[in-house]
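Thank you all for making the time this morning. I would like to walk you slowly through one structure, so please bring it up on your screens before I begin.

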Amino acid sequence: MATIFVIQNQHGHYLGKQQQWLDGRDKRLLFRTTHSDEVANVIFEQSSKDIHLRAQALACELDDNNQPIVKPGPPILSDTPSLFDDETAATADDTAPPASDDDISDT
């Protein structure tokens, strides 16, 4: 079996090929390289974009399907609020401007 490098952050998530953080369940989507200098450059680039990132290179073996053998991390939580959240959902009355006395006319 060959050894490759993947990148894992402080939350246990893995860097994907599209530069997004994944939980590692679909191993086909994970960023991987056989070169230690390339993985160091990618970690440096990602850390430059996010100063709070604490990433590390993990040396992994490949399975029979040439996919990295990694332990799946925790599920990815979305930072965007759900449309069905009671606190963040806007109703039609919330978005309409308030009516003034000038707008009401007697007919």
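**A buried glutamine and its surroundings**

Let me start with Gln 46, which counts as buried because its relative accessibility is 8%, and buried here means under 20%. Please keep in mind as we go that this is a predicted model.

Where does Gln 46 lie? You will find Gln 46 in helix α1, the helix that covers residues 36-49. If we set aside residues up to four places away in sequence, Gln 46 touches Leu 15, Gln 19 and Leu 53. With one of these, Gln 19, there is also a polar contact, made from side chain to side chain at 2.7 Å.

Now please move along the chain to Gln 20, whose place is in the loop between β2 (14-15) and β3 (21-22). Is Gln 20 buried or partly exposed? Gln 20 has a relative accessible area of 30%, and it is therefore partly exposed. Apart from its neighbours within four places in sequence, Gln 20 is in contact with Tyr 14 and Leu 15, and Leu 15 is also one of the residues that Gln 46 touches. In addition, a polar atom of the Gln 20 side chain lies 3.2 Å from the backbone nitrogen of Gln 18. Leu 30 is 10 residues away from Gln 20 in sequence, and the two C-alpha atoms are 9.3 Å apart in space.

Let us turn next to the strands. Strand β1, which runs over residues 3-8, is mostly covered, since 5 of its 6 residues are buried. Its partner is strand β4, residues 56-61, and the two pair in the antiparallel sense over 6 bridges. If you would like one position to look at within this pairing, take Val 6, which stands opposite Leu 58 in β4.

Finally, I would like to come to the charged side chains. How many salt bridges are there? The count comes to 2. In one of them Arg 25 is joined to Asp 23, with the closest N and O atoms 3.3 Å apart. Arg 25 counts as exposed because its relative accessibility is 55%, whereas Asp 23, at 17%, counts as buried. Another salt bridge is where the side chains of Arg 28 and Asp 26 meet, at 3.0 Å from N to O. Here Arg 28 has a relative accessible area of 53% and so is exposed, while Asp 26, with 28%, is partly exposed.

Notes
Residues are numbered from 1 along each chain as its sequence is written. This is a predicted model: local features need pLDDT of at least 70, side-chain atom pairs count only at pLDDT 80 or more; totals for chains, interfaces and linings use all residues. Side-chain values use heavy atoms; hydrogens and water are left out. Helices (H or I, at least four residues) and strands (E, at least two) are DSSP runs, numbered from the N terminus. Buried means under 20% relative accessible area, exposed over 50%, partly exposed in between (1.4 Å probe, protein chains only). A polar contact is a pair of N or O atoms within 3.5 Å; within protein, one must be able to donate a hydrogen and the other to accept it, and residues adjacent in sequence count only if both atoms are side-chain atoms. Contact means heavy atoms within 4.5 Å. Two strands pair if DSSP finds at least two bridges between them. A salt bridge is a side-chain nitrogen of Lys or Arg within 4 Å of a carboxyl oxygen of Asp or Glu.
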